[in-house]
Structures are given as structure tokens and as C-alpha cells.
Amino acid sequence: MELREAQSRLKKAQRVAVLTGAGISKPSGIPTFRDAEGLWQEFNPLDYATPEAYARNPQKVWEWYAWRIAKVREARPNPAHLALVRLEEQVLSRGGDFLLVTQNVDGLHALAGSRNLVELHGNILRARCEACGHRFPLPDPFIPPPFCPLCSHRARPDVVWFGEFLPEGAWERAQGAFSQADVALVVGTSAEVEPAASLGRIAYAGGAYLIEVNPEPTPLTPLAHLSLRMGAVEGLGALLAQDSPDPSASG
């Protein structure tokens, strides 16, 4: 059975790489972007998530982020976040390597206790000075826009917008972990946003056992050795349980 095989491989793997997307934070009350109830159904990303949009109307962009930040501050890690913390502890306890790469900017993985973590798209709870580049946590509450504590210049959200480069070194760490992984786990992502979407393919090309957890098929599904058609909480609960029945799966 594919689930048993995946569980066995996770228990033995020395190099595990995990990619998470918006689907893992949805049970915590954080809206996704691309599904039927996602943010991009109501808001045009070109108006809120590009450097050009910020240049046109920084106050509008900041007010939208302030609304999202309020939702993030109310959220708490859910069982899926905590399951990945336990997986990391298990891999590290046997002397293995583990890296969790997330497309999410909500900080919930760190709050849950994940240590080997790459926030590929930044963190919504931080700001970055437009002048000196200093990154700093946003106060709670704050009145947008924030200003740099070092040089007093206006700061922008410390997130990666469409058309921008990833944080320095983030892609190199992510690519390295997935290219060398024994097992790669992709959870709650549409597998449509590059370059993160290519991490599963990189792992597959490197010989990793590839596991996908997502309620809907994605472009990665044809490559996955196991695709669990479940949400993140249910899927990781089944995958990381000691003894669980084989759910509806395709492999």
C-alpha cells in the first residue's frame, strides 16, 4: 500500500525536504490565494502585490497588509504545523538533515517550533526599510506605514511580491535540500508559483520519494509516488501516524 510505503520511507529517511503552501495555514484561519475562496478572487494581485502597485499607492497597499496582519496575529499553528515539528525532531534525532521550505508569510511554522526553516516569500510580520534595507518586526498594533527605527525612512512589507527576487540565499538552501532529499513532502500548495513549484520536480529528478498532500490534483501529481487527496491536517495526520488505515490515495 502506498501509504505504508510512504510512512516507512519517512521513518528511515536521512534527508527530508518539505515544501508548504497556503493550504497548510487555511485551518488556522489564514485565507489562501488561489482557491475558490482565496484572496485573489476578491483582490487583484496587480493592485496589492507588485512593486508597481506599491509605487503607485503605498498607503493602499499598506492598509491591505495591515488587514491581513491582523488576521495573522489572531491565528495559531494547527495540527499540521505541529506534525511537521515532530517530523523534524524525529529526523534530527537520528542524525539526519531536515529543511522546511514555506511559501507562506504568516510565521506560523516558526511559532509552532520549526527550526530548520526557509521562508521563501518573506514574513508579513516584518517590515524592510526602503532606504537602508533594515528588517524589523512590526509593532502590535501599528499604524501603516511603519518607519525604520534606524534611519526613520518609510518601510515596506518584508515579503516577496510578483516580479521580485527571493531573499538572498533562500533559493540556494531550498534547491540544495530538495535535490539531495531521500523523501520530499509537498503540502498544501498549488504547485503553480515558480520557482517554488519546481522544488518537487527537482526532488523527483534527484531520485527522492515524492509525497503530495493536497485536496485537488496539481501539476506535481503525475510525478508523485503518493498523492493524498486531503487537506493538510487530515493528510499529515494520516501520513505521520504510527498506525493508520490506507486513505483514498493515488500513487
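# Notes on loops, aromatic pairs and helix faces

1. P145 sits in the loop between β5 and β6, and the peptide bond leading from P144 to P145 is cis, with omega near 0 degrees. Please keep in mind as you read on that this is a predicted model. P141 belongs to the loop between β5 and β6 as well. The bond from D140 to P141 is also cis, again with omega near 0 degrees. If you plan to check backbone geometry, those are two spots to open in your viewer.

2. Staying with the backbone, where does S152 lie? S152, too, is found in the loop between β5 and β6. Its phi is near 70 degrees, a positive value in a residue other than glycine. With a relative accessible area of 56%, S152 is exposed, since the cut-off for that label is over 50%.

3. A191 is another non-glycine residue with a positive phi, of about 55 degrees. A191 lies in the loop between β7 and α9. Is A191 buried or exposed? A191 has a relative accessible area of 9% and is buried, because anything under 20% takes that label. Buried A191 and exposed S152 make a handy pair to look at side by side.

4. Now to the rings. How many aromatic pairs does the count come to? The count is five aromatic pairs. In one of them, the ring centres of Y48 and W64 are 4.9 Å apart with the planes at 35 degrees, so the pair is tilted; a tilted pair is one whose planes are neither under 30 degrees apart nor over 60. Y48 comes from helix α3 (residues 45-48) and W64 from helix α5 (residues 58-74), so this pair ties together parts 16 residues apart in sequence. Both partners are on the buried list: Y48 has a relative accessible area of 14%, and W64 comes in at 5%.

5. Y54 and W161 make a tilted pair too, at 5.3 Å centre to centre and 40 degrees between the planes. Why does this pair tie together parts 107 residues apart in sequence? Y54 is in helix α4 (residues 51-56), whereas W161 is in the loop between β6 (155-159) and α8 (170-179), so the pair links those two parts. Y54 counts as buried at 6% relative accessibility, and W161 is buried with a relative accessible area of 3%.

6. Zooming out a little, Y48, Y54, W64, Y65 and W161 form one aromatic cluster. There is a charged neighbour to look at here: R156 lies over the face of W161, 3.9 Å from the ring centre.

7. Next, the helices, beginning with α8. Its buried residues are A170, W171, A174 and F178. They cover an arc of only 90 degrees around the axis, so they are on the same side of α8. An α-helix has 3.6 residues a turn, so residues three or four places apart point the same way. Among the elements covering the buried residues of α8 are β1 (15-20), β2 (97-102), β3 (117-119), β7 (183-187) and α9 (199-205).

8. Helix α1 gives a similar exercise: which of its residues are buried? They are L3, A6, Q7 and L10. Viewed down the axis of α1, these buried residues fall within an arc of 100 degrees, so they line one face of the helix. They pack against β1, α6, β7, β8 (209-213), β9 (226-228) and α10.

9. Helix α6 (residues 79-93) is worth a length check. At 1.5 Å a residue, its 15 residues should span 21 Å, and the end C-alpha atoms are indeed 21 Å apart, which agrees. If you want to redo the sum, the factor is applied to one less than the number of residues. The buried residues of α6 are A80, H81, A83, L84, V85, L87, E88 and V91. These residues pack against α1 (2-12), β1, β2, α7 (108-112), β7 and α10 (232-239).

10. Finally, the two ends of α6. At its start, a side-chain oxygen of N78 comes to within 2.7 Å of the backbone nitrogen of A80. After α6 comes G95, with a positive phi near 80 degrees.

Terms used. Residues numbered from 1 in each chain as written. Heavy atoms only, no water. Phe/Tyr/Trp six-rings, centres within 6.5 Å; stacked < 30°, edge-to-face > 60°. Helix = DSSP H or I, 4+ residues; strand = E, 2+ residues; numbered from the N terminus. Buried < 20%, exposed > 50% of the residue type's maximum accessible area, 1.4 Å probe, protein only. Lys NZ or Arg CZ within 6 Å of the ring centre and 35° of its normal. Arc of directions from axis to C-beta. Contact = heavy atoms within 4.5 Å. Polar contact = N/O pair within 3.5 Å; in protein donor to acceptor, adjacent residues only side chain to side chain.
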